[in-house]
Amino acid sequence: MAAGADSASCSFLVNGQHAEAPEADTLLAALRDRLGLTGAKLGCGEGACGACTVLVDGEPVRSCQRTAGSVTGRRVTTVEGLAGPGPDGSLHAVQQAFALEGAAQCGYCTPGMVMSVAALLAGEPEPGDAAIDAALAGQICRCGSYPRIRRAVHRAAALAGGAPSGAGPSTASTPEPGPAAAVHDGPDDDRWGPPLPGAVHYRPDRPWDLSEPADRDYFGALGDGLVVVLGPPPPGQWNTSGGSWLHVAPDGLVTGFTGKVDVGQDNRTALRLLVAEELGVPVARVRLAMGDTDVCPFDMGTFGSRSMPDAGQALRVAAAYARTLLPARPGERRLELVSGQPELTPAARWRQAGHPHLAPGTRAAVTGARTFVSDLGRPDIWHGVVLRPPAPGAVLRDLDTAAADGHEGVLVVRTPELAGVVAADLAAAQAALADLRAGASWDIPSAPSDGDLTDFLRGHPSEGTQGGRWGGPFLHQQGSAATALESAAVRREATYTTAYIAPAALETRVAVAAWDDDGRVTVWTGTQTPFPVRAQVAAALAINEHDVRVVVPATGGGFGGKHAGGISAEAAILARHAGRPVRVHWSRPEEFSTGTLRPAAVIDVSAGAGSDGTLSGWSFTNINSGAPGIWTPYRLADQRLEYQPAASPLPQASYRALAATANNFARESMIDELAHATGTDPVQFRLRNLADERLAAVLRAVAEHVGWEAGREPIPGVGVGVACGLEKDGRVVSVAQVVIGRDRRVQVTGLITGYECGALVNPETVRGQIEGAAVMALGGAMFEEIRFTDAMITNGAFSSYRVPRIGDIPPVEVLLLDRPDLPSAGAGETPMIAIAPAIANAIFEATGRRLRSLPLTRDGLLPD
Ligand code: FES
Ligand code: FES
């Protein structure tokens, strides 16, 4: 195992084997870069996220905060060494429990979590929730799997029989079945395509989506069988998916192709289930190629909860055609181009879909075998770092590269697009970058600080400058809101604001670029939009789009924040200049300052109601954050809805649920205010005014489930709030309970979300998405907030930007309503939107105070 040792090396045991590394290396760098053990992940580099956790003599340590020299002579255990060595490759009880509970989404935090839990159980075989929360307080799961992680710890304790042996192998002899009726299926990790840069893999001469179907070498890539190609939807029909193709091998193995990506949300399992249903084959016989621009159909991107409605439908149609075509000539090479709408299997007749299935690949996540973008490597990859402006909009006036050029073993790259450094050694690249930074002078525009933001956004309207993606100003008028408001028995006006918040995926943005001898570049990156990124890279390099391949390997979370292709272009440019593969891996501060944020919002609402609790008059203006979710699900003859874009001082773009969270926060807070003002119970007020019967049905179901009592006696310091919303064809109702301490600490003590998104394809995935959305939304509701001075972010680190941790999370309950009679909608975003107003309304019940700004608290305390 020894590798790369030099005169200042040290030695220690890693997973029972002798290892050597330079003693000045961080332990994390030694494990990953020198020993090839990538189970320990880089999430922050400052000891604040736990992704890098390993055991040293059985104790959990943050390997990014220790030098290799500090573990000289000691015993280091990484997640790769936790299992076995049983003859059957048995998992450690903790790994087994995490897999059985489906306690991983993207899986990036999972190795660190597993190691911390293994250490906990070694010392405390049957921990309670408080002990679990304390042990995992330093770990971040940005996907919000905390409820499942807690369950997994209890399950691991049970599996291990209360006597785990810590760092050593501790396997359960009798595996228990998974969570209620959920099943594992499919290969352990069914990603199709090249796993590593430079590995031998199939590569067409030209991307399939840019070739005629007859010119695509399907059979060369896939072997004999039937290929069904569904082309893009007809012009004029908006759809994010450019069709699908499907291969059925003579042995029955089915490979579907979609341009969507799976960055942890597990749309993969649901899409496989849809194919399996239409073809009538076991889902374990269906694999998916996703997000590889050389072989997948074009796709606009994985956003807007469009995987089920767009890609799911395209794959279903191709599979349904394949079913009708298969019996004719099985086993031949046969290419069929199809279009139109075949008869699809109704959801009511589904046998596999509609039942819970755990994601394949969970075993790989818990053992550290899952290879993320940041784990991709081969010896000749160099590191690239890029000079960043000190503030948004800063323009480079002058750059003196002499000092940076003087560093040995580095290449300074200066192009019209970027200035950066490439080197074999990351520390050497960073040292040269520091000199490059010192040689730069900038023109920095004046810009506001967070305290001035509301006035700034009001005073800087724009025409919508987000690359046209969110459109320009929007105005909808129906009847006369002004007249209705004048005559309303009860009228309220209020302004709501939301702060900028960061997606903060645990894996920061990474791209690895490698050029082939024939002038084609391949970029491996965790993007949600591989095809638009292909176009961006081609434009940045002034090459043909045919000559760019973008591949999306396992990715440590996205949350709407990994759309832009800038990092891919950076890696490709640096690789071209270096003449070798280059990896660009943003640091956590870069992720905060160079990545994009959820837009801040200023929302003005005027609303009226009759004394009987009937809405009459609604005026709603969103400044800056966007129009999604601006439509009201309530009956309102007189309404005025407006979206006014503004010149944002910070870079902003997509974020999970985008503006729907802000717009629903404002609307559902105001609805609650009107309910109280008219003396109407908040649930009854909503039911009286809702125009959407499906949403009303969810509200009734949730109210019954929680035993909602109109006119219940208030309990001092305790509040329960409700909110609802309709977005992307999903219907959501959330109920929150809060307790306010004497010290003004606000504790959310319970969250329940009811959700209906048509026919449930994989209830397990939907549940996981709702739980994760509740956790993520709780952060934005309670404490997440980007702070900035003169547009420079001042809390761009996990030690200062607070994200939800396990101790922040109350019991999270999910109530699913299945509607097999309706088309399936997504579940990744809409469950976000009712959490913040439900908490705000609960705080009102507990305190009588209306809090109208997100985050609602100041680091968990009621504001003054
Ligand atoms: S704690 Fe080490 S990477 Fe975050
Ligand atoms: S599963 Fe925890 S960060 Fe994604």
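This text goes through a predicted model, from its N-terminal strands to its internal cavities. Local features are described where pLDDT is at least 70 and side-chain atom pairs count only at pLDDT 80 or more, while totals for chains, interfaces and linings use all residues. Residues are numbered from 1 along each chain as its sequence is written, chains are lettered from A and ligands numbered from 1 in the order in which they are written, and side-chain values use heavy atoms, with hydrogens and water left out.

Helices (DSSP runs of H or I, at least four residues) and strands (runs of E, at least two) are numbered from the N terminus. Strand S1 covers residues 9-14. Its covered face is made of Cys10, Phe12 and Val14, and its uncovered face of Ser9, Ser11 and Leu13. Strands are said to pair if DSSP finds at least two bridges between them. S1 pairs with strand S2 (residues 17-22) in the antiparallel sense, over six bridges. Within this pairing, leucine 13 has histidine 18 of S2 as its bridge partner. The two strands form a hairpin with two residues between them, and asparagine 15 in the turn has a positive phi of about 50°. S1 also runs parallel to strand S5 (residues 75-77), joined by two bridges. There, valine 14 has valine 76 as its bridge partner.

Further along the chain come two helices that can be checked for length. The expected span of a helix is 1.5 Å times one less than its number of residues. Helix H15 (residues 566-578) has 13 residues and should span 18 Å, which agrees with the 18 Å between its end C-alpha atoms. Buried means under 20% relative accessible area, exposed over 50%, and partly exposed in between, with a 1.4 Å probe and protein chains only. On that scale H15 is mostly covered, as 10 of its 13 residues are buried. Among them are Ile567, Glu570, Ile573 and Leu574. Glycine 579 follows H15 and has a positive phi, near 70°.

Helix H17 (residues 660-677) has 18 residues; the expected span is 26 Å and the end C-alpha atoms are 25 Å apart, which agrees. H17 is mostly covered too, with 16 of its 18 residues buried. Glycine 679 comes after H17, and its phi is positive, near 70°.

Two single residues show what surrounds a buried position. Isoleucine 501 sits in the loop between strand S19 (490-498) and strand S20 (510-515). Isoleucine 501 counts as buried because its relative accessibility is 1%. Contact here means heavy atoms within 4.5 Å. Leaving out residues up to four places away in sequence, isoleucine 501 touches Leu597, Arg598, Tyr655, Gly780, Glu784, Glu785, Ile786 and Tyr801. Its C-alpha atom is 11 Å from that of glycine 561, 60 residues apart along the chain.

Valine 733 belongs to strand S28 (residues 730-740). It is buried, with a relative accessible area of 0%. With residues up to four places away in sequence again left out, the contacts of valine 733 include Leu695, Val698, Leu699, Val702, Ile752 and Gly754. Valine 733 and phenylalanine 844 are 111 residues apart in sequence, and their C-alpha atoms are 18 Å apart.

Strand S29 (residues 746-756) runs parallel to strand S32, and six bridges join them. One bridge partner pair is glutamate 756 and leucine 817 of S32. Five of the six residues of S32 (residues 812-817) are buried, so this strand is largely enclosed by the rest of the structure.

The last topic is the enclosed space. A cavity is a set of points, on a 1 Å grid over the protein atoms alone, where a 1.4 Å probe fits but cannot get out; lining residues have an atom within 4 Å of a point. Grid points are joined across faces, edges and corners, and a volume is the space filled by probe spheres set on the points. The structure holds seven cavities of 30 Å³ or more. The largest has about 370 Å³ of space. It is lined by 30 residues, of which Ala104, Gln105, Gly264, Asp266 and Ala359 are the closest to its centre. Helix H20 gives the most to this lining, with four residues. The second largest cavity has about 80 Å³ of space. Of its 15 lining residues, the closest to the centre are Arg509, Val510, Thr525, Gly526 and Thr527.

How values were computed
On a 1 Å grid over the protein atoms alone, a cavity is a set of points where a 1.4 Å probe fits but cannot get out, and a pocket is an open set with protein on both sides within 12 Å along at least five of seven lines; lining residues have an atom within 4 Å of a point.
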